[in-house]
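Me: I should like a close look at one part of this model, namely the charged side chains and the segments that carry them. Please give a single connected account.

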Amino acid sequence: MRKRLLLAVVPVLLLGSCGLKSGSPMVDDVSPGSVGQGEPLKGATLTVTSKNFSENIILGQMTGLVFKAAGAEVLDRTNLPGSISAREAIINGDADAQWDYTGTGWITFLGHADPIVDPRKQYEAVRDEDRGNGVIWLPPAPLDNTYALAISKKNNAKYGLRTLSDVAALAAKDPGAVTICVENEFASRDDGLPGMEKKYGMKIPAGNIQKMDAGIIYTQVSESNSCLLGEVFTTDGRIKAMNLDVLEDDKDFFPNYNASAVIHEATFEKYPVIAELLDPLARKLTTEVAQTLNAKVDVEGEDPHEVAKDWLVAEGFIEEG
């Protein structure tokens, strides 16, 4: 699920050696709606890719369907393992388009330790610097898939926590009350638990920290008393489904992870209309919309491709048939 992991060394090597040959053609019978009029991509053959978590797969499917409606032949190569595989595919030209996140670009790919608090300035910094790597970042969506801490509404009826500063105050007053479930990576990253503790002046006893898989965290926070708080991602559909309260990052510690369409430079130079095709989608993709779409996959078990298509049709971006 994690978009920020530096995983998949072996898949990166495979991408470099043999390219993206195992994708499947998109065969949907779709046509232009409010985007793609005149089929400006007619004659193009484009490959879309994504990372291997629900939200990014949905975004990749949206991109492919819009390209298809605009006249392109589309190869679907979504669901690659880890952040690096999809990134390398874009850089190498093995794929033409994906969606990535400004925080991932700034911190993980470009190697900056400190995030830029203003989301627009962070996007512009990533856009400008990554152009040197042959990567084009289109304007981002409001969708911000960042870290957060959450508590069940049931437990929060007792504590009344609203912000991370409230957590720091509770930890100082009653250290034993603040138990937390996190992923291994979050427990050690500077933009994770250690940095958060430093920023907010809190100290959570080591014995109060449990490390586990991301999917288990939601269940533990919602249904058990072993974790008062849990690491979550703000666009996750399970937040609403499991009746969790997300605590406000009132000191703006966590980086902005706004979703942005990312295009291979040569592809964009050949088909600059891609920006015009994807911009209306980006404007509509909020954190709340992402929660709803992600829940359809992660809670209700729907197929990411169908979720993407249904949303595009409902919004009038494309038409079926």
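Reply: The account below begins with the charged pairs and then turns to the helices and loops around them.

The model is a predicted one, and the structure holds 13 salt bridges. In general, side chains of opposite charge can pair when their charged atoms come close. Three of the pairs are described here in turn.

The pair of Glu320 and Lys309 is a suitable starting point. Glu320 forms a salt bridge with Lys309, and the closest N and O atoms are 3.5 Å apart. Because Glu320 belongs to strand E13 and Lys309 to helix H15, the pair ties together parts that lie 11 residues apart in sequence. The pair is also part of a wider arrangement: salt bridges with shared partners join Asp28, Lys309 and Glu320 into one network. Is Lys309 buried or exposed? Lys309 counts as buried, because its relative accessibility is 8% and the cut-off for burial is under 20%.

A second salt bridge also involves the end of this region. Glu315 pairs with Lys284, with 3.4 Å between the closest N and O atoms. This pair links distant parts of the chain: Glu315 is in the loop between H15 and strand E13 (318-320), whereas Lys284 is in helix H13 (residues 273-284), 31 residues apart. Glu315 counts as partly exposed because its relative accessibility is 32%. Lys284 is likewise partly exposed, with a relative accessible area of 42%.

The third pair is made by Lys42 and Glu39, whose closest N and O atoms are 3.6 Å apart. Lys42 has a relative accessibility of 62% and therefore counts as exposed. Glu39, at 32%, counts as partly exposed.

Helix H15 also contributes to a feature of the surface. Glu300, Glu302, Asp303, Glu306 and Asp310 form a negative surface patch. One of these residues, Glu306, lies in helix H15, which covers residues 304-314. Why does Glu306 count as partly exposed? The reason is its relative accessibility of 34%, because partly exposed residues fall between the limits of under 20% for buried and over 50% for exposed. A residue must have over 30% relative accessible area and no salt bridge to belong to such a patch.

As for the spacing of residues along a helix, an α-helix has 3.6 residues a turn, so residues three or four places apart point the same way.

Thr286 belongs to the loop between H13 and helix H14 (287-298). With a relative accessibility of 24%, Thr286 counts as partly exposed. Thr286 and Met62 are 224 residues apart in sequence, and their C-alpha atoms are 15 Å apart in space.

Helix H2 (residues 54-69) supplies a check on geometry. Its 16 residues should span 22 Å at 1.5 Å a residue, and the end C-alpha atoms are 22 Å apart, so the two values agree. The expected value rests on 1.5 Å times one less than the number of residues. H2 is mostly covered, since 16 of its 16 residues are buried. Ala69 lies in this helix and is buried, with a relative accessible area of 0%. Ala69 also offers a link back to the charged network: Ala69 and Asp28 are 41 residues apart in sequence, with a C-alpha to C-alpha separation of 8.9 Å. Asp28 is one of the members of the network with Lys309 and Glu320. H2 is followed by Gly71, whose phi is positive, near 105°.

Positive phi values also occur at residues other than glycine. Asn79 has a phi near 75° and is placed in the loop between strand E4 (73-77) and helix H3 (82-92). Asn79 counts as partly exposed because its relative accessibility is 44%. Asp252 is another such residue, with phi near 50°. The place of Asp252 is in the loop between strand E11 (244-246) and strand E12 (259-264), and at 48% relative accessibility Asp252 counts as partly exposed.

Helix H3 also contains Ile91, which counts as partly exposed at 27% relative accessibility. The C-alpha atoms of Ile91 and Ser188 are separated by 29 Å, the two residues being 97 residues apart along the chain.

Technical notes: Residues numbered from 1 in each chain as written. Predicted model: local features only at pLDDT ≥ 70, side-chain atom pairs only at ≥ 80, totals over all residues. Heavy atoms only, no water. Patch = residues over 30% accessible without salt bridge, like charges linked within 9 Å, V, L, I, M, F, W, Y side chains within 5 Å. Areas by Shrake-Rupley, 256 points an atom, 1.4 Å probe, with all protein chains shown as cover. Salt bridge = Lys/Arg side-chain N within 4 Å of Asp/Glu carboxyl O. Lys, Arg positive; Asp, Glu negative; His and termini not counted. Charge placed at Lys NZ, Arg CZ, Asp CG, Glu CD. Helix = DSSP H or I, 4+ residues; strand = E, 2+ residues; numbered from the N terminus. Buried < 20%, exposed > 50% of the residue type's maximum accessible area, 1.4 Å probe, protein only.
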